[in-house]
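I opened the notebook today to go through one structure step by step, writing down what I looked up and what I found.

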Amino acid sequence: MSDFKPLVFSGVQPTGNLHLGNYLGAIRKFVALQENNDCMYCVVDLHAITAQLVHEDMPGQIRSIAAAFIAAGIDPKKHIVFNQSAVPQHAELAWIFNCVARIGWMERMTQFKDKSGGKNAEQMSLGLLAYPSLMAADILVYRATHVPVGDDQKQHLELTRDIAQKFNIDFMEHIRRTDYGIDIKVGDEPVHAYFPMVEPLIGGPAPRVMSLREGTKKMSKSDASDLSRINLMDDADTISKKIRKAKTDPDALPSEVDGLKGRAEADNLVGIYAALSDKTKQEVLGEFGGQQFSVFKPALVDLAVTVLAPISGEMRRLMDDTTHIDGILRDGGERARARADVTMKQVREIVGFLQ
Ligand code: AQP
């Protein structure tokens with residue numbers, strides 16, 4: 001297949017207030033990648049009902065994620081911004097992947113264990129267990145090759161590769177009978193396949209932003225404490241209060257990155273500063289090494305407000321004009337459906353469904 005091209009895909013769940021972790025781990029990377037790549041950015045609303053079925057304002061939540069994408073700098077004309085439920089092919093491919101993947105693969109996912117609280121697993125929705133299968137379908141229904149995500153999604157992307165690989169092997173002979181195959185490498189082995197092996201794009205100084213209240217727990221929308229996270233829509237006073245109250249230790253900042261070992265909270269704040277200022281942690285410590293948090297925290301407040309205020313201002317403006325946001329999502333949905341339709345016609349043929 002000669003016209004197979006790299007494609008960037010990623011998604012964000014409309015499950016509440018976007019926070020600094022979502023921004024640094026994902027959205028900021030989305031913006032950087034759009035310069036040189038074909039990108040699709042999705043509000044994954046089907047995922048949002050896996051942990052909690054009923055949401056008070058689902059339309060508002062969907063719009064706010066789309067508004068965050070645009071406010072952060074994503075160009076919806078050059079790239080595709082859409083919501084997942086507008087493209088039914090995601091769910092169709094996810095069903096096929098449910099039959100490719102094994103239950104044990106799903107039960108091993110740490111996010112499922114965390115969200116189900118271990119012992120309560122049997123009380124969780126079947127959708128929560130199958131979440132990674134839908135995520136694999138989100139990506140592979142476009143045969144996307146690169147996925148920018150935070151570090152917490154690494155395991156799900158490994159599973160996406162496992163699902164792609166099993167599909168490619170299970171249907172190897174069927175794929176050979178079509179013109180749709182591609183030549184890829186699995187490790188060093190050349191393989192004729194249908195689905196590519198996705199590359200996760202994880203990295204930078206803050207791939208996993210941690211809670212401001214507990215340096216060993218990730219910053220999350222669903223954390224009961226609002227003080228644990230900086231929301232993209234927080235105003236300057238709130239950001240200042242949250243950073244001032246952020247848990248730290250009594251020591252001064254070290255001058256070398258090695259000195260952050262065993263100091264999860266300090267490491268987190270330095271990582272946030274580095275990511276927000278496009279510096280390395282070492283460069284930040286070059287500036288603040290030997291200083292107390294009483295000096296570092298106000299500098300972090302200034303930086304966070306400078307970076308986030310324009311984004312939250314633009315998000316508010318966009319959220320006031322729902323017609324505009326809805327138009328972007330509708331247009332993106334149409335373009336995404338056209339692409340997904342090509343893949344699903346081929347997948348149905350490979351699997352052997354009459355159409
Ligand atoms: N703390 C984090 N640090 C870095 N990246 C993060 N991401 C999430 N939290 C952090 C990245 O943000 C993208 C969108 O995440 P999501 O909303 O789709 O799902 P999530 O990972 O489950 O995020 P939350 O905030 O923890 O939501 P809830 O509480 O609803 O589960 C992903 O790329 C993710 O890696």
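These entries follow the order in which I looked things up.

**Entry 1: the kind of model and the record**

I noted before anything else that this is a predicted model, and I kept that in mind throughout. I then turned to the UniProt record, an unreviewed entry, which places a short sequence motif called the 'HIGH' region at residues 14-22. When I looked up that span in the model, I found its end C-alpha atoms 11 Å apart, and I recorded the span as 33% helix and 0% strand.

**Entry 2: helix α2 and a nonpolar patch**

I next looked up helix α2, which runs over residues 45-51, and chose two of its residues, Leu-46 and Ile-49. Is Leu-46 buried, exposed or partly exposed? I found a relative accessibility of 25% for Leu-46, so I entered this residue as partly exposed, since a residue counts as buried under 20% and as exposed over 50%. Leaving out residues up to four places away in sequence, I listed Gln-84, Ser-85 and Leu-134 as the residues that Leu-46 touches. I also looked up Met-135, which is 89 residues from Leu-46 along the chain, and found that the C-alpha atoms of the two are separated by 9.9 Å.

Ile-49, with 36% relative accessibility, also went down as partly exposed. Together with Leu-53 and Val-54, Ile-49 makes a nonpolar surface patch of about 310 Å².

**Entry 3: the two faces of helix α10**

Which residues of helix α10, residues 236-245, are buried? I wrote down Ile-239, Ser-240, Lys-242 and Ile-243. I then asked myself why these four can be placed on the same side of α10. The reason is that they cover an arc of only 170 degrees around the axis. Looking for what they face, I found that the buried residues of α10 pack against α13, which spans 293-319. On the face turned away from the buried side, I found the exposed residues Asp-237 and Arg-244.

**Entry 4: salt bridges**

How many salt bridges does a search of the whole structure find? The search finds 21, and I looked up a few of them one by one.

I began with Lys-247 and Glu-265, whose closest N and O atoms are 3.5 Å apart. This pair links distant parts of the chain, because Lys-247 sits in the loop between α10 and α11 while Glu-265 belongs to helix α11, 18 residues apart. I noted Lys-247 as partly exposed, with a relative accessible area of 41%, whereas Glu-265, at 16% relative accessibility, counts as buried.

I then turned to Lys-261 and Asp-258, whose side chains meet in a salt bridge of 3.3 Å, N to O. Here I entered Lys-261 as exposed, with a relative accessible area of 65%, and Asp-258 as exposed at 56% relative accessibility.

For Lys-281 and Asp-267, I found the closest N and O atoms of the salt bridge 2.7 Å apart. This pair, too, links distant parts of the chain, with Lys-281 in helix α12 (residues 281-288) and Asp-267 in helix α11, 14 residues apart. At 26% relative accessibility, Asp-267 went down as partly exposed.

Lastly, I looked for salt bridges that share partners, and found that such bridges join Asp-226, Arg-229, Asp-234 and Lys-242 into one network. I marked Lys-242 in the margin, since I had already listed this residue among the buried ones of α10.

Key:
Residues numbered from 1 in each chain as written. Predicted model: local features only at pLDDT ≥ 70, side-chain atom pairs only at ≥ 80, totals over all residues. Heavy atoms only, no water. UniProt positions renumbered as here; feature names shortened; annotations may be inferred. Buried < 20%, exposed > 50% of the residue type's maximum accessible area, 1.4 Å probe, protein only. Arc of directions from axis to C-beta. Contact = heavy atoms within 4.5 Å. Patch = residues over 30% accessible without salt bridge, like charges linked within 9 Å, V, L, I, M, F, W, Y side chains within 5 Å. Areas by Shrake-Rupley, 256 points an atom, 1.4 Å probe, with all protein chains shown as cover. Salt bridge = Lys/Arg side-chain N within 4 Å of Asp/Glu carboxyl O.
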